[in-house]
Structures are given as structure tokens and as C-alpha cells.
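Reader: I should like to learn how charged side chains are read in a protein model. May we work through an example together?

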Amino acid sequence: LIIEAKKHVPYINIGSITGIHYTSARLVTRGKMEFKYGRVDIRAVVAEGQGMWSAGWMLGANHSQVGWPQSGEIDIFETRGGQNRESKMINNMFWNPIGPDTQADIISRNLANEYGIDSSNPNETFANQFHVFSLIWDEGTIQFEVDGVNTGNDINLVGDLANTFRNPFYLLLNVAVGGAYSGYPDETTSFPDGMLVDYVRVYQRDSDGDGIADFKLDGETKHDESPNVPNNP
């Protein structure tokens, strides 16, 4: 998959929206594929250059009903290009501390630290070769990995986090251009550019071997109890 960002000179018009300088894309599985708990692997090369903002992330399946941040957001990876930042990525989470059923737009976040691939791999970036960005999610924790290495940004699902992140979510992939996080393109940014995605894979447990994923790992059935060992109920 190629998500390509383009610069249009002169500006273009799309429908009733005029003066568009950049176009890109966001792919969303809402209404097509939603899931609760499991492992997600995204193998990708992110966009390169000042103002380029690549992301693989998730929103609560109830987003259209309760809005954001009540639905919750899980950022499996976010990268921003330019200024030698292509070697860094971030995991993040957003939620409403009062819970998903309130209309108060109070935002909490997991202030995750940047994870740098260049600390152990000099001159390597997330934009110059493929890396696997992973989420490992169960009823107790959310963990993040890059190429099988934990990024140190794990979070325990207790209290208001449990209320939000023990629900189904859907996946999004996109490349944004500009914005407060990445800054805007400059004369060093080369277009077109974008994100290459080799695969997105979602794994879920089938603890009783019946070919049907557990989906709910919160003690609702005998085989849903952690650590999910069918022979040791």
C-alpha cells in the first residue's frame, strides 16, 4: 500500500473546497473491521521530510456515538519528518478521565517518550527502511513494540482507562501534511512522498482451539480467564 501526499501548484479545488495545496489519504476500518484485544503488527516505511506526519492508530468503535476523547485513541506509532526526526517515533493514548459515557471534553493522555531507532542502529530511520510497529493489548495492559523491542511506553488499564480501553476499536492509517505536531513543509520537503505499508496483521487468541477468536478476555467465559490455558481451568 502507498499512501501518497502530493503538493499542488497552483492550488486545486475539490468540490466546494477551494485553494487546496496538499492532498493525502486516511484509510479507516470503521464499520468493516473492529476488534477487542489482541496484537497488531504494522510493517511500514514512514514519510520523510519536514511537515510529513505518518501514523498507524486506533479509535474506539463508539467514536461516532460519544465523540473524542470519550471513545479513546491508541497511537501505535506516530512519526514526524524533518530536522533529523525520522529516527524517532512516539506511542500515545488519549481518553476522558470521567469515562466514555460523559459528554465533558476532558482530555487525559499517556505522555509517552520518544523511542529512537538510531540509538542502537546509527543512521537508520523509520523513513529509510521497513520497521514493524506493534500493539499488544489485553484486559490489563497495553504494550508497544518496534521490531519486537518494547518501547517502554506500556500503560496499565485501571480505573478510567479500563472503562475506555476494554471496548472494541478500529484501525486507521494516514499521512498528514502540516499541523501543530509536525510543523509545515518548507523548501527542503520533497513531493510527492508518503508511507509504504507492507502489511497490517491482527492476531487474537483462540484459547479453546475452536477456530473462533476469544474477543473478550475479561473472565466472561471459562476460557477467557488469563493466562488462557485451556488445560488448566
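**Reading salt bridges**

Author: In this structure, which is a predicted model, a salt bridge joins the side chains of arginine 43 and aspartate 198, with N and O 2.8 Å apart. The two partners come from distant parts of the chain: arginine 43 belongs to strand 5 and aspartate 198 to strand 16 (residues 193-203), and 155 residues separate them.

Reader: What is the general idea behind such a pairing?

Author: Side chains of opposite charge can pair when their charged atoms come close.

Reader: Are arginine 43 and aspartate 198 buried or exposed?

Author: Arginine 43 has a relative accessible area of 27%, so it is partly exposed. Aspartate 198 is likewise partly exposed, because its value is 41%.

Reader: How many salt bridges does a search of the whole structure find?

Author: The search finds five salt bridges. Another one of them pairs arginine 80 with glutamate 114, whose closest N and O atoms are 3.9 Å apart. Arginine 80 is in strand 7 (residues 73-80) and glutamate 114 is in the loop between strand 9 and strand 10 (115-116), so this pair ties together parts that lie 34 residues apart in sequence. Arginine 80 is partly exposed at 24% relative accessibility, and glutamate 114 is partly exposed at 43%.

Reader: Which residues do salt bridges with shared partners join into one network?

Author: The network consists of Arg39, Asp41 and Glu145. Within it, the side chains of arginine 39 and aspartate 41 meet at 3.0 Å, N to O.

Reader: Is aspartate 41 buried or exposed?

Author: Aspartate 41 is buried, because its relative accessible area is 8% and the cut-off for buried is under 20%. Its partner arginine 39, at 27%, counts as partly exposed.

Reader: Where is lysine 36 found, and what lies 3.4 Å from a polar atom of its side chain?

Author: Lysine 36 is in the loop between strand 4 (34-35) and strand 5 (38-45). The backbone oxygen of arginine 166 lies at that distance of 3.4 Å from the lysine 36 side chain. Lysine 36 has a relative accessible area of 10%, so it is buried.

Reader: Which residues does arginine 109 contact, leaving aside neighbours within four places in sequence?

Author: Arginine 109, which lies in strand 9 (residues 108-109), is in contact with Asn92, Met93, Phe94 and Trp95. With a relative accessibility of 42%, arginine 109 counts as partly exposed.

Methods:
Residues numbered from 1 in each chain as written. Predicted model: local features only at pLDDT ≥ 70, side-chain atom pairs only at ≥ 80, totals over all residues. Heavy atoms only, no water. Helix = DSSP H or I, 4+ residues; strand = E, 2+ residues; numbered from the N terminus. Buried < 20%, exposed > 50% of the residue type's maximum accessible area, 1.4 Å probe, protein only. Polar contact = N/O pair within 3.5 Å; in protein donor to acceptor, adjacent residues only side chain to side chain. Contact = heavy atoms within 4.5 Å. Salt bridge = Lys/Arg side-chain N within 4 Å of Asp/Glu carboxyl O.
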